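User: Please take a close look at one helix-helix contact in this model, and then place it beside a few other local features. Give the cut-offs for the terms as you go.

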Amino acid sequence: MAELRVELLRPLRAVYGGREVGLGPARQQALVAVLAFHPGQELTPDELLEAAWGPDAPSSGVRVVAPYIYRIRKLLPCPSLVRRGRRGYALQLERSNLDVTQVTETVELARASLAGGDHRAAVCRFSDAISYFDGQPMAGLPGHWVAANRRRFEELRRALIAEQAGVLLGLGQYEQPIADLTSLLERDPLDEGLARQLMLAHYHAGHQTEALNIYRRTSQALRDDFGLEPTPTLRATLVDILNHTCESATGRCW
């Protein structure tokens with residue numbers, strides 16, 4: 001029997017029996033996203049209204065929810081995929097068919113591999129987890145719930161890339177981590193953790209001048225934006241690089 005699959009870590013997509021399902025206009029898609037994030041869980045009309053509309057809710061209030069649910073049911077191959085219960089509505093979606101769940105499970109496997117000393121397997125599993133992200137999560141959808149979770153998913157992607165980079169650097173591989181960390185730092189030039197990791201990557205790759213330039217640019221950005229100096233951790237990394245006292249790629253510097 002065909003099952004529904006929903007992807008939230010990219011522009012919203014629902015697939016049933018191998019075919020993509022059209023979900024209608026943006027607000028309707030936002031409602032599907034909220035339901036999918038809580039697979040099988042009944043959400044009251046009030047909860048759905050707050051999540052998908054928030055301060056933009058129409059004057060009709062919760063009465064707007066039922067017509068949207070009706071239209072969603074009409075679009076789905078099986079209307080019964082949206083169940084009406086005593087409290088509210090639930091999407092009949094297996095948790096394992098939600099990409100957020102699949103990423104969580106894949107990351108757990110990656111960290112288990114890392115804890116077991118199989119760093120190459122960890123890299124592969126981190127790559128698998130990162131591959132679920134494709135473009136902006138739930139791009140173009142309205143509502144404060146979508147906006148909050150979009151930020152959370154984007155932060156998760158960034159954290160996974162940085163975590164994978166640390167494993168690769170520990171294996172003595174520099175090219176991909178340098179490219180990935182550079183891209184992340186360009187988007188968030190005030191992130192001292194990323195700056196430190198990239199400084200060390202360049203240092204161990206033999207690019208000491210670039211490592212120092214990263215420190216200089218990060219310091220300048222912190223002063224210009226907030227009038228702050230780098231943290232003691234970042235300053236200590238600079239001293240280690242200048243004195244060539246960083247340990248090997250498998251040591252504390254990562």
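Analyst: The helix pair is described below, followed by the sheet and some single residues.

This is a predicted model, in which local features need pLDDT of at least 70 and side-chain atom pairs count only at pLDDT 80 or more, while totals for chains, interfaces and linings use all residues. Residues are numbered from 1 along each chain as its sequence is written, and side-chain values use heavy atoms, with hydrogens and water left out.

Helix α7 (residues 175-187) packs against helix α8 (residues 192-204) at an angle of about 150°, and their axes are 10 Å apart. Helices here are DSSP runs of H or I with at least four residues, and strands are E runs of at least two, numbered from the N terminus. Axes are lines fitted to C-alpha atoms, for helices over the stretch in contact, and angles run from 0 to 180 degrees between N-to-C directions. The two helices α7 and α8 are therefore roughly antiparallel (angles over 145 degrees count as such, under 35 as roughly parallel, 65 to 115 as roughly perpendicular, the rest as oblique).

From α7, the residues Ile-178, Leu-181, Thr-182, Leu-184 and Leu-185 meet Leu-194, Ala-195, Gln-197, Leu-198, Ala-201 and His-202 of α8. Contact means heavy atoms within 4.5 Å. The residues of this contact divide into 8 nonpolar, 3 polar and no charged (Ala, Val, Leu, Ile, Met, Phe, Trp, Tyr, Cys and Pro count as nonpolar, Asp, Glu, Lys and Arg as charged, and the others, Gly among them, as polar).

Elsewhere, 3 strands form an open antiparallel sheet in the order β1-β2-β3. Because β1 (4-7) and β3 (19-21) stand at the edges with a single partner strand each, one side of each has no neighbour in the sheet. Neighbouring strands are turned by 35° against each other on average, direction ignored. β1 pairs with β2 (residues 13-16) in the antiparallel sense over 4 bridges, where pairing requires that DSSP finds at least two bridges between two strands. Arg-13 in β2 is the bridge partner of Glu-7.

Among single residues, Ile-130 lies in helix α5 (residues 119-131) and counts as buried at 16% relative accessibility. Buried means under 20% relative accessible area, exposed over 50%, and partly exposed in between, with a 1.4 Å probe and protein chains only. Leaving aside neighbours within four places in sequence, Ile-130 is in contact with Leu-160, Ile-161 and Gln-164. Met-138, in the loop between α5 and α6 (144-170), is buried with a relative accessible area of 0%. Met-138 has a positive phi of about 50° although it is not a glycine.
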